[in-house]
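Biologist: Could you put the model up and walk me through the ligand site and a helix pair?

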Amino acid sequence: MPNHPLAKLFRPEVLAMSAYHVADASNYIKLDAMENPYTWPEDIQQQWLESLKTCSINRYPDPEAQTLASALRTSNGIPESSTILLGNGSDEIIQILMTALPQDSCVLAPEPGFVMYKQVAQSLGLHYRGVPLLADSFDLDLPAMRAAIEELQPALIFLAYPNNPTGNLFDAQAIKTIIETSPGLVVVDEAYAPFTDESFIAQLGQYANLLVMRTVSKLGLAGLRLGFLAGKPELLEQLNKIRLPYNINCLTQATATFALSHGEFLLQQTQEIRRQRTVVLDALQALGNVKAYPSAANFILFKPLNIGADRVFASLKQQGVLIKNLSPQGGLLENCLRVTIGTPEENRAFLLALQKALNP
Ligand SMILES: *Cc1c(COP(=O)(O)O)cnc(C)c1O
């Protein structure tokens, strides 16, 4: 970018980036962003609003968010030997982690994967390497991962478990091998924990270089922006120095603490989403002209077989249903679409619109 008019002001990797684009979803059935489709029961909402009165909005929030941190520890079963670090969404934690790495470090992640790993690495001028998943199963290509680890000695590896956008859980033994053979940190990103019974939280005590990251976004609190990282105190102590002091605002602290102490309704909602995931997957597989991949998350990746994904996406949108078109990312995502599981009504509307889109 030497000819860029702002070349003297900004680093070339920043000039080369494009901003994270979010589609305007107003007036659509919104099944594009892995959100929980349900609102709160009326009585709970009233209690919540009441509880917000205790927030001292004129004061800075608790910089350590101690009440919330302890509620998160309990509700997520974090072992005594681990500490946690809170972030303004797990996106911020990704940024904190990468900001702490030595210069010229390499960040590694399987691909297709969560786009933020690459986006943040590039914005900070770090080396980023994506290692393709196996084409048929979207599972880890362990020999390829091991070769890349050997070659690049990555300071940081991200493994989303389940993976976004493919929805599957990687082989747990392969993940353990990667943790054991990696010279740097390995983050198991459990953003979709509410939709699976599998987790690496129980392994935290076993590996010095393992960190587990979670978020409340997919659980149903995406508007709050709250994620956390769990791991060895020695590691988190260093990362905590980089965290900006008041990164979790008082409304988020109060609301998340409230929600966790009334967690029953969120659990009911995520259980319903898990049931609907089976309904939608069965329906997609019964169509015959799409390939739909089993998912341990709150979304399903699928591929129309006889028609372009772009056309299907556009037709769905025209019928008022917004999903995610992954086809532009190419590679293993060629002709792939991703739908978030919504309410039963939303899912029916999606399936109906999809049938029309597939048979124009
Ligand atoms: C959605 C998502 C996140 C981001 O979560 P926030 O807490 O909302 O920033 C992180 N990792 C994966 C794999 C995700 O899909």
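Modeller: Sure. A polar contact here is a pair of N or O atoms within 3.5 Å; within protein, one must be able to donate a hydrogen and the other to accept it, and residues adjacent in sequence count only if both atoms are side-chain atoms. This is a predicted model, where local features need pLDDT of at least 70, side-chain atom pairs count only at pLDDT 80 or more, and totals for chains, interfaces and linings use all residues. Residues are numbered from 1 along each chain as its sequence is written, and side-chain values use heavy atoms, with hydrogens and water left out.

Biologist: How far is an oxygen atom of the ligand from an N or O atom in the side chain of Lys218?

Modeller: We're looking at a side-chain N or O atom of Lys218 and a ligand oxygen atom. The cut-off for such a pair is 3.5 Å. The distance is 3.1 Å.

Biologist: How much of the ligand does the protein bury?

Modeller: Areas come from the Shrake-Rupley method with a 1.4 Å probe; for residues, only the protein chains shown count as cover. Taken alone, the ligand exposes 390 Å². Of that, the protein buries 94%.

Biologist: Which atom of Ser90 lies 2.7 Å from a ligand oxygen atom, backbone or side-chain?

Modeller: For Tyr192, a side-chain N or O atom is 2.6 Å from an oxygen atom of the ligand. For Ser90, the N or O atom at 2.7 Å belongs to the backbone.
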